[in-house]
Amino acid sequence: TVNDPAQADRVLSSLFEQARGLIPFFQNTKDEYHGYIINTLYGPMLLPGVSLSYTFKDSQIFISNNKSLLLNTLDHLDYDEDHLADAPQYQKAVTQLPPDRARTFYINTTMIAQSSDMLLKNLEAVKQLSDTKDLDPVLPILQQVFSILGSFESYASARITQPDGKEITTAHLNLNLQLENPALRSFFNRPPVSFAFEGYLPRNTGSVTSVNILGPNDIWILAQTLLSQFPEGTKLLAQLREWEDQLGISIEKDYLSWMGNEWCIAKMVMDLDALVPMNQVALLLHVNDTEKATQALKKTLQILQDLHLPVLFETETYRGSEIATLSLPMLVSPGWCLHENTLIIATHASLIRQMLDVKAGEQRGVVRNRYYQQLQEFTRQEANKYTFQDNESEFYVYREAIRRVGSIPEFGAALAGSASNIPTFIMDRAAYLMSCFQVLKATVKQSTVTENQVVSRRVQLLQDLRI
């Protein structure tokens, strides 16, 4: 809807005229259809059958990339039936959304899958008529992609903006899964749980994603299921078996047997004052059997030592847990540690020590983050997938990093004269653009997965621009 249709029409008409003036190939037409004035922009530079058309009905504006579709929509305005709102799939998807929504988005993925199926049949017909083999490697891949599209029924989302600066987007993805594999079906029947790794995360956590679906065992089952359908994938699985025999290990028995379904990836905010600023990342995994895990980690360390790699292996005991570190000649020291029933793998052993300090209560954790506290009512809810991001801190660090790189004199040394300032100017503009994104303070997203539906909710904390 628009507040002033006449003014909106003048602005859009002016834009169409300017586009025609800039590109002479464009054509701009105005015609009447059942009392509606249709303004259309088209030309040979646009795809065949594609145009940009708009019209007004009272305070509503209708815009389409296809004039025929716009006319068809206008025809349906006067019909008492065959509306989208009457479609069962639309009702099923939209009625679950909040009623006081400010924006609604809907996709009928079933119709997209049907259209894709027609495209596949046309390609097969082209192959037979042309007697070419160029499509032979492409068609099987397209068949797999289109079969995946057939697993989705519809998607609908709605957005609400609260007075306190929270923007809440709720989305429902309705599924049409035909799962015969019990292992695959189990992915969609895991109950939502609380965030299990909050007690390890430091105050300077920039982003974290935690899930209790698609764990190591799930990924292994999916990989074997998908790879076995392709000749090259079958070869890769056979190669993995050979490597297992050579190393004397079993991926399933020695590793996957003790790994749980809950895992988490956390990325720290980059420390620009460090000797070599870089993003520190950690993977945390729930362990079902700590004894098996301990034996597997020792076995892994022994295998790495037997390979005589050019790295230094170190172990240390910190807060009652052993930290194994690999000192690589690249200013990184990845390591791992098994603490209670949690396995921590990090890009640097210092991050593991920091997490153990947080767990022991000796350092401030992410719960002391002011934005985490403001979104606490959402971070405490159970879900299958959970994400938190401190957007303000992330954007600030990236903005300062861009400015520091742009301030290096040698950065534009390859260019002569005044042109040497161009890289600095570009970097400065990029940094300014990055600062504009700092209106977004923090984000929390939760998803719950069932065999019939994926329900997700994203809460974004925005700066109050009215101040």
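In this account, two residues are in contact, or touch, when heavy atoms of each lie within 4.5 Å. The structure described here is a predicted model.

With that meaning of contact, one may begin at Leu-284. Leaving aside residues up to four places away in sequence, Leu-284 touches Phe-197, Tyr-200, Glu-262, Trp-263, Cys-264, Thr-342, Leu-343, Ile-344 and Met-355. Leu-284 also belongs to the largest nonpolar core, a set of 31 residues. Together with Phe-195, Val-208, Met-355 and Phe-388, Leu-284 is among the residues with the most contacts inside this core.

Which elements supply the residues of this core? At least two residues each come from the strands β9 (259–268), β10 (281–287), β14 (342–346), β15 (385–389), β16 (440–449) and β17 (453–462), and likewise from the helices α11 (349–359) and α12 (370–374). Helix α11 provides the largest share, 5 residues. A second core, separate from this one, has 28 residues, including Leu-256, Trp-258, Ile-303 and Leu-326.

The next topic is empty space inside the protein. Rolling a probe the size of a water molecule over the atoms shows where such space is left. The structure holds 1 cavity of 30 Å³ or more, and the volume of the largest cavity is about 100 Å³. Its lining is formed by 15 residues, of which Val-193, Ser-194, Phe-195, Ser-210 and Ala-383 are the closest to the centre. Phe-195 thus appears in this lining as well as in the largest nonpolar core. Two elements, β8 (205–211) and β15, give two or more residues to the lining.

The reader may now turn to the beginning of the chain. In general, the strands of a sheet pair through backbone hydrogen bonds, in either a parallel or an antiparallel manner. Here, an open sheet of 4 strands has the order β1-β2-β3-β4, and the pairing is antiparallel. Its edge strands, β1 (27–33) and β4 (60–64), each pair on one side only. On average, neighbouring strands of this sheet are turned by 20 degrees against each other, direction ignored.

Within the sheet, β2 (residues 36–42) and β3 (residues 52–57) pair in the antiparallel sense over 3 bridges. Thr-40 has Ser-53 of β3 as its bridge partner.

How do the helices lie with respect to these strands? Helix α1 (residues 5–22) lies across β1, β2, β3 and β4 and runs at about 165 degrees to β3. Helix α2 (residues 67–76) lies across β1, β2, β3 and β4 too, running at about 165 degrees to β2.

How values were computed:
Residues numbered from 1 in each chain as written. Predicted model: local features only at pLDDT ≥ 70, side-chain atom pairs only at ≥ 80, totals over all residues. Heavy atoms only, no water. Pairing = 2+ DSSP bridges. Axes fitted to C-alpha atoms, helices over the stretch in contact; angles between N-to-C directions. Core = buried A, V, L, I, M, F, W, Y, C linked by side-chain atoms within 4.5 Å. Buried < 20%, exposed > 50% of the residue type's maximum accessible area, 1.4 Å probe, protein only. 1 Å grid on protein atoms, 1.4 Å probe; cavity = no way out; pocket = protein on both sides within 12 Å on 5 of 7 lines; lining within 4 Å. Points joined across faces, edges and corners; volume = space filled by probe spheres on them.
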